Amino acid sequence: MFIEMFQLLFTIVAVEAALILTLGFGTPVRRVVVKLLDLLKQGRGPLVTKTVAATMLVLFGSVLFSTIQINTRVSESGGVANPTDQVMFANRLLESFLMGTVLFLALVMDRMHYYTRELQITRRNLEVAVKKTKNSCLMQTN
């Protein structure tokens with residue numbers, strides 16, 4: 001069970017990191033990614049995304065609480081942990097780290113998408129303003 005969850009979380013982290021790198025550099029792929037994210041944010045997309053994020057946040061809290069319980073149990077027993085507790089603690093710690101990373105990268109990706117869209121809109125408006133200014137200058141000189 002843990003192996004499948006870790007593979008899924010590592011895959012999600014890798015995909016999110018690739019999307020963030022794509023959004024960070026002005027490549028032709030960035031336009032496609034922005035369009036896909038725009039489509040994802042239409043319709044029921046935001047509701048599904050918020051539901052998944054809330055579920056992951058609750059799971060993150062649960063795993064964190066479980067990790068704290070194991071740590072408390074070890075400290076109450078004199079600081080000596082049995083091998084089962086050590087393995088459970090390591091798995092829970094890795095799981096909580098990966099979930100936190102997934103949530104953080106999702107937030108970073110959302111903000112980068114927002115700023116990329118705003119940058120495109122601002123550039124478009126600037127081009128229109130420059131064209132209007134050039135046209136008005138040409139009209140005044142004639």
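Here are some worked exercises on a predicted model, each with a solution that goes step by step.

**Exercise 1. Recorded spans and the model**

Find which residues UniProt lists as "transmembrane region", and work out what the model shows for residues 47-69 and 89-109.

Solution.
- Step 1: Start with the record. The unreviewed UniProt entry lists residues 6-26, 47-69 and 89-109 under that heading.
- Step 2: Look at residues 47-69 in the model. This span is 100% helix and 0% strand, and its end C-alpha atoms lie 33 Å apart.
- Step 3: Do the same with residues 89-109. Here too you get 100% helix and 0% strand, with 30 Å between the end C-alpha atoms.

**Exercise 2. The largest pocket**

Describe the largest pocket: how much space lies in it, and which helices and classes of residue line it?

Solution.
- Step 1: Get the volume. About 720 Å³ of space lies in this pocket.
- Step 2: Go to the centre. The lining has 21 residues, and Glu16, Leu40, Thr49, Ala106 and Met109 are the closest to the centre.
- Step 3: Trace the lining back to the helices. H1 (2-24), H2 (28-40), H3 (45-76) and H4 (83-141) each give at least two residues.
- Step 4: Sort by class. You should find 14 nonpolar, three polar and four charged residues.

**Exercise 3. The second largest pocket**

Now take the second largest pocket and say what lines it.

Solution.
- Step 1: Volume again. This pocket holds about 210 Å³ of space.
- Step 2: List the lining. You need Gly26, Thr27, Arg30, Arg31, Thr116, Leu119, Gln120, Arg123, Arg124 and Glu127.
- Step 3: Pick out the helices. H2 and H4 are the elements that give two or more residues, and H4 has the largest share, with six.
- Step 4: Sort by class. The lining splits into one nonpolar, four polar and five charged residues.

**Exercise 4. Two residues from that lining**

Decide whether arginine 30 and threonine 116 are buried or exposed, and find what each one touches.

Solution.
- Step 1: Place them. Arginine 30 is in helix H2, while threonine 116 is in helix H4.
- Step 2: Check the accessible area. Arginine 30 has a relative value of 19%, so it counts as buried, because the cut-off is under 20%. Threonine 116 has 8%, so it is buried too.
- Step 3: Find the contacts, skipping residues up to four places away in sequence. Arginine 30 touches Thr22, Leu23, Phe25 and Thr116. Threonine 116 is in contact with Leu23, Arg30 and Val34.
- Step 4: Put in some distances, C-alpha to C-alpha. Arginine 30 and serine 62 are 32 residues apart in sequence and 36 Å apart in space. Threonine 116 and proline 46 are 70 residues apart in sequence, but 18 Å apart in space.

**Exercise 5. Aspartate 85 and leucine 8**

Is each of these residues buried or exposed, and what does aspartate 85 touch?

Solution.
- Step 1: Begin with aspartate 85, which sits in helix H4. Its relative accessible area is 12%, so call it buried.
- Step 2: Look around it. Leaving out residues up to four places away in sequence, aspartate 85 touches Ile70, Arg73 and Val74. With arginine 73 there is a polar contact between the two side chains, at 3.1 Å.
- Step 3: Turn to leucine 8, in helix H1. Its relative accessible area is 52%, so leucine 8 is exposed, because exposed means over 50%.
- Step 4: Finish with a distance. Leucine 8 and leucine 105 are 97 residues apart along the chain, and their C-alpha atoms are separated by 15 Å.

Key: Residues are numbered from 1 along each chain as its sequence is written. This is a predicted model: local features need pLDDT of at least 70, side-chain atom pairs count only at pLDDT 80 or more; totals for chains, interfaces and linings use all residues. Side-chain values use heavy atoms; hydrogens and water are left out. UniProt positions are given in the numbering used here, feature names are shortened, and annotations may be inferred rather than shown by experiment. Helices (H or I, at least four residues) and strands (E, at least two) are DSSP runs, numbered from the N terminus. On a 1 Å grid over the protein atoms alone, a cavity is a set of points where a 1.4 Å probe fits but cannot get out, and a pocket is an open set with protein on both sides within 12 Å along at least five of seven lines; lining residues have an atom within 4 Å of a point. Grid points are joined across faces, edges and corners, and a volume is the space filled by probe spheres set on the points. Ala, Val, Leu, Ile, Met, Phe, Trp, Tyr, Cys and Pro count as nonpolar, Asp, Glu, Lys and Arg as charged, and the others, Gly among them, as polar. Buried means under 20% relative accessible area, exposed over 50%, partly exposed in between (1.4 Å probe, protein chains only). A polar contact is a pair of N or O atoms within 3.5 Å; within protein, one must be able to donate a hydrogen and the other to accept it, and residues adjacent in sequence count only if both atoms are side-chain atoms. Contact means heavy atoms within 4.5 Å.
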